[in-house]
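Student: Please take a close look at the helix packing in this model, and set it against the chain as a whole. What should I read off for each pair of helices?

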Amino acid sequence: MSESSVLHTWCVQADWNAPTIVGGRGATLFTAGGREILDFSSLSECSNLGHQHPGVVAAIRAQAEALCFVTSAWGAQPRSELADELLALAGFDGGRVLFTLGGADANENAVKLARWYTGRPEGLVVARDRSYHGATFAAMALSGDARARTLPSALPNVTHVPPPYCYRCPWSRARPECGIRCAGAVADALAAAEGNVAAVVMEPHAGTNGIVAPAEYWPRLREACAAHGALLVADEVMSAFGRVGHWFAWQRYLDAGRPDLVTLAKGLTGAHAPLGAVLVAKHVAQFFERRMLGTGLTYSGHPLCCAAGLGALEAYREGRLIERAGALGAAMRARLDAMAGRHAAIGDVRGDAAFWIVEFVRDRTTREPLSPWPDTAPELRRLVARGLDRGVSFAARGNLLILAPPLVITDAELERALDTLDALLAECLPAAVPT
Ligand SMILES: Cc1ncc(COP(=O)(O)O)c(C=O)c1O
């Protein structure tokens, strides 16, 4: 076995240096070398159910015995059952679900649906800086992220607006008097397109860019889309399935935040099998009742993956994991606030439930970033490396730590991971007395 025959993603091949994993249980992973690693990021913020969840594994096994594959042109029981369940959870009565293989192609297809539905083949798509929507060509064009700027954009008429980044407000306005200028920027972009608009595509909660919008933001996007005839697409690839204490992050705003399309992946199967989806609201679904849907994938709604999805939904319900995320959030907030009181390198702590962002600074008063975005400072790299040496895996991006444990993490494991983080902050990011 040689890892050098694999083209590893998001890295310089010669620098690749990561553990090889052979098994897992709950929030713990087992390495080929016999070590245990406590996972404090749900790997790519996707293993919401932990690793090798027995219910999901059993669902995949049972489906494998019955039927591994049927063409997406024909019917498949787990596919239609999963679609029914997702629409019910979202309250999308009369809607439909388009299944994909992951998050990027869900977003690609959401843009297609929006441009067909609005009748504007090159209608404007508004996305934002500091966002991530995937690494396929159109998803790269949507992403406001250095990772997606390595080739020219392949999607016409996409614009990026500044993010709702309160800690470093792009308009230098203070809350709560800011007037939510960030939401106004979306409305302005739609207005400037003079009717040639298709969609606003945004993450309703923090993704890997660490932006946590104020509560007024998302409902204002809903209003702006309605006023200008654009569809609101909630990219819930990372934020759904309990990550922020709801099945879907937009549900915190009830009907005032209801999107027209919702894209899903990751927690949909808890990463036990590759599956993405676009939830399509009734009015959009009806548009396609008597029109050609010009898109498809051989593996759209693959039975094994849909069985994993059904197993995952049952696991969330049975373990009361959406509720559990709220309890994790209270415990994490208390510990992280206490750490911010002791470690001056912590500039900001923001988030909710099982999804927290810790932003590091060189100077708390000036808010000078620990490293220019999106670079990761050597100190933070050291913290992550030492965490791994001590058996806890943390995810860093730029000057952020993204803390997103599996929802099945035990209270004792949570405390152990946070104790480790506290100790590592003192070792790797020592700073004078907090101001
Ligand atoms: C918000 C968001 N959208 C889309 C994607 C892309 O999903 P995938 O990697 O499954 O294509 C990601 C992946 O991290 C994401 O965080």
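Tutor: The answer below starts with the whole chain, then goes through three helix pairs and ends with one residue.

The model is predicted: local features need pLDDT of at least 70, side-chain atom pairs count only at pLDDT 80 or more, and totals for chains, interfaces and linings use all residues. Residues are numbered from 1 along each chain as its sequence is written.

The chain holds 12 helices and 16 strands (DSSP runs numbered from the N terminus, helices being H or I of at least four residues and strands E of at least two). Its radius of gyration is 21 Å, close to the 22 Å of the globule rule for 435 residues, so the chain is as compact as a globular protein of that length (the radius is taken over C-alpha atoms, and the rule is 2.2 Å times the number of residues to the power 0.38). Along the principal axes, the C-alpha atoms fill a box of roughly 65 × 55 × 40 Å. Buried residues account for 49% of the 435 (buried: 20 or more other C-beta atoms within 10 Å of the residue's own, placed from the backbone). Of the contacts between residues at least 6 apart in sequence, 74% join residues at least 24 apart (contact: C-beta atoms, placed from the backbone, within 7 Å).

Now the pairs. Two packed helices are described by the angle between their axes and the distance between the axes. Here axes are lines fitted to C-alpha atoms over the stretch in contact, and angles run from 0 to 180 degrees between N-to-C directions.

Helix α12 (residues 411–428) packs on helix α10 (residues 321–342) at about 20 degrees, with the axes 11 Å apart. The two are therefore roughly parallel (angles under 35 degrees; over 145 is roughly antiparallel, 65 to 115 roughly perpendicular, the rest oblique). Their crossing is right-handed (the near helix is turned clockwise from the far one by less than a right angle). From α10, Leu328, Ala331, Arg335 and Met339 meet Leu414, Leu418, Asp422 and Leu425 of α12. That contact has 6 nonpolar, no polar and 2 charged residues (Ala, Val, Leu, Ile, Met, Phe, Trp, Tyr, Cys and Pro are nonpolar; Asp, Glu, Lys and Arg charged; the others, Gly among them, polar).

α12 also packs against helix α11 (residues 378–389), at about 140 degrees and with axes 10 Å apart; α11 and α12 are therefore oblique. This crossing, too, is right-handed. Thr420, Leu424 and Cys428 of α12 meet Glu379, Arg382, Leu383, Arg386 and Gly387 of α11. By class, the contact of α11 with α12 divides into 3 nonpolar, 2 polar and 3 charged residues.

The third pair is α6 (residues 181–192) with α7 (residues 217–228), whose axes come within 9 Å and cross at roughly 15 degrees. These helices are therefore roughly parallel, and their crossing is right-handed. α6 contributes Cys182, Ala183, Val186, Ala187, Leu190 and Ala191, and α7 contributes Tyr217, Arg220, Leu221, Ala224 and His228. The classes are 9 nonpolar, 1 polar and 1 charged.

Last, Cys306 lies in helix α9 (residues 303–318). Cys306 is buried because 26 other C-beta atoms lie within 10 Å. Beyond its neighbours within four places in sequence, Cys306 is in contact with Ala76, Pro78, Arg79, Leu82, Leu275 and Gly301. Ala76 is 230 residues from Cys306 along the chain, yet their C-alpha atoms are 9.2 Å apart.

Key
Two residues are in contact if their C-beta atoms, placed from the backbone, lie within 7 Å. A residue is buried if 20 or more other C-beta atoms lie within 10 Å of its own, exposed if 12 or fewer, and partly exposed in between; C-beta atoms are placed from the backbone.
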